[in-house]
Amino acid sequence: MNPFTYSRASDQQTAINGVAAHEHAKYLGGGTNLIDLMKMGVEHPEQLVDINRLDLTKVEQLPGNGGVRIGALVRNSDLAEHNLIKTNYPVLSEALLSGASPQLRNLATTGGNLLQRTRCYYFYDPAFPMCNKRDPGSGCGALEGYNRIHAILGQSDKCIAVHPSDMCVAMAALEAVVRVQGPNGERTIRLADFHRLPGETPQVETNLQPNELITAVDLPALPFAKRSHYLKVRDRASYAFALVSVAAILEMDGGRIKSARVALGGVAHKPWRAHKAEQALGGKEPNDASFRAAAEAELANAHGYKYNSFKIELTKRAITQALRTVAGMG
Ligand SMILES: Cc1cc2nc3c(=O)[nH]c(=O)nc-3n(C[C@H](O)[C@H](O)[C@H](O)COP(=O)(O)OP(=O)(O)OC[C@H]3O[C@@H](n4cnc5c(N)ncnc54)[C@H](O)[C@@H]3O)c2cc1C
């Protein structure tokens, strides 16, 4: 590990100034991703600003519209078990509980989860010379390498890594909004615009500016989100990242689907909102044929590689199964 200095901020402005003062500074949340990356020599911040004492630990009902504000330092465990989340947004509670282990969830924060980095083997191993994220211009080792966990949607020839978060997939389906504070004040970023596809610059993973502090995530009021489910398909039943995951929400009108929200994890560089599947579901009866047609529509342009083409059919089946569960079909 490289030498670094450490400071603990007692308020937001001190934290922001602390990061802005150094070219290579980082905020420290639970540290469950950043410290690992530092130990492995993937990240080399020269200054860590510990934000754990900031007053960003509440989950609160928003006045007026009935939505919920989640402080950036709310731990994944606390968020998953919070009554407002379990009752109104079960898809988010289920997604959080499917991630990592209880010990990790006790430390991991909402802000840190949003910014956790890909689990691509080639990114994680600095001994491997090719990774456009670690070393822009060096190439993508996964393209011709062992690419079993990699992307099938939205990838580029510069990077086929996937975003590893479960929480973010549920938040994408819920159309969450991220609140950030920077040297120039506060702004909001829709979760849909927060993470980026790799394109030509896979090293730029989000639209957050380097000094900006995530302060909260807002969930809009969405009464029909009570009817929602998170399905995670993985190699082990626990303590494993998603090969494919699906966040599904259905709004019913009599015997038909009025609207649907579907987001996918483990398939793209960002949580993937399945707009084509959603459009295909509108007005349909909830049954296997309409679910499968929606999955086919979403995956029509999917592209697999030597070791991960199985993910295309797996994703179709996962979408169908998640929708079956939400519709009460088992
Ligand atoms: C063995 C293992 C298994 C795991 N399995 C899963 C899994 O199945 N599913 C899953 O979703 N995740 C999984 N994780 C990842 C885990 O969820 C993340 O490590 C965690 O959410 C990161 O949160 P943190 O607070 O510890 O972030 P940190 O490690 O503290 O920070 C991560 C990044 O976010 C930045 N940051 C933190 N807070 C803020 C803020 N408020 N504003 C701006 N920047 C900020 C940091 O500077 C850093 O760049 C696993 C992790 C491990 C180690």
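In this predicted model, the shell around the ligand is a mix: by class there are 15 nonpolar, twelve polar and three charged residues. Of the 30 residues around the ligand, the ones that come nearest are Gly29, Gly30, Gly99, Gly111 and Gly112. Several helices and strands chip in here, with β2 (25-28), α2 (34-39), α6 (102-107), α7 (110-114) and β8 each supplying at least two residues of the shell.

Strand β8 also turns up in an open sheet of five strands, where the order reads β4-β5-β8-β6-β7 and the pairing is antiparallel. At the edges sit β4 (59-61) and β7 (185-190), each of which pairs on one side only. On average, and ignoring direction, neighbouring strands of this sheet are turned by 25° against each other. As a bit of background, strands of a sheet pair through backbone hydrogen bonds, either parallel or antiparallel. Between β6 (residues 177-182) and β7, which run antiparallel, there are six bridges; Arg179, for instance, has Thr188 in β7 as its bridge partner. Helix α1 (residues 12-20) lies across β6 and β8 (213-219), and runs at about 125° to β8.

Then there is Asn207, found in the loop between α10 (191-194) and β8. Asn207 counts as partly exposed because 14 other C-beta atoms lie within 10 Å, while a buried residue would need 20 or more and an exposed one 12 or fewer. Setting aside neighbours within four places in sequence, Asn207 is in contact with Ile189, Asp193, Phe194 and Arg196. Glu46, by contrast, is 161 residues away from Asn207 in sequence, and 22 Å away in space, C-alpha to C-alpha.

Technical notes
Residues numbered from 1 in each chain as written. Predicted model: local features only at pLDDT ≥ 70, side-chain atom pairs only at ≥ 80, totals over all residues. Pairing = 2+ DSSP bridges. Helix = DSSP H or I, 4+ residues; strand = E, 2+ residues; numbered from the N terminus. Axes fitted to C-alpha atoms, helices over the stretch in contact; angles between N-to-C directions. Contact = placed C-beta atoms within 7 Å. Near = placed C-beta within 6 Å. Nonpolar A, V, L, I, M, F, W, Y, C, P; charged D, E, K, R; others polar.
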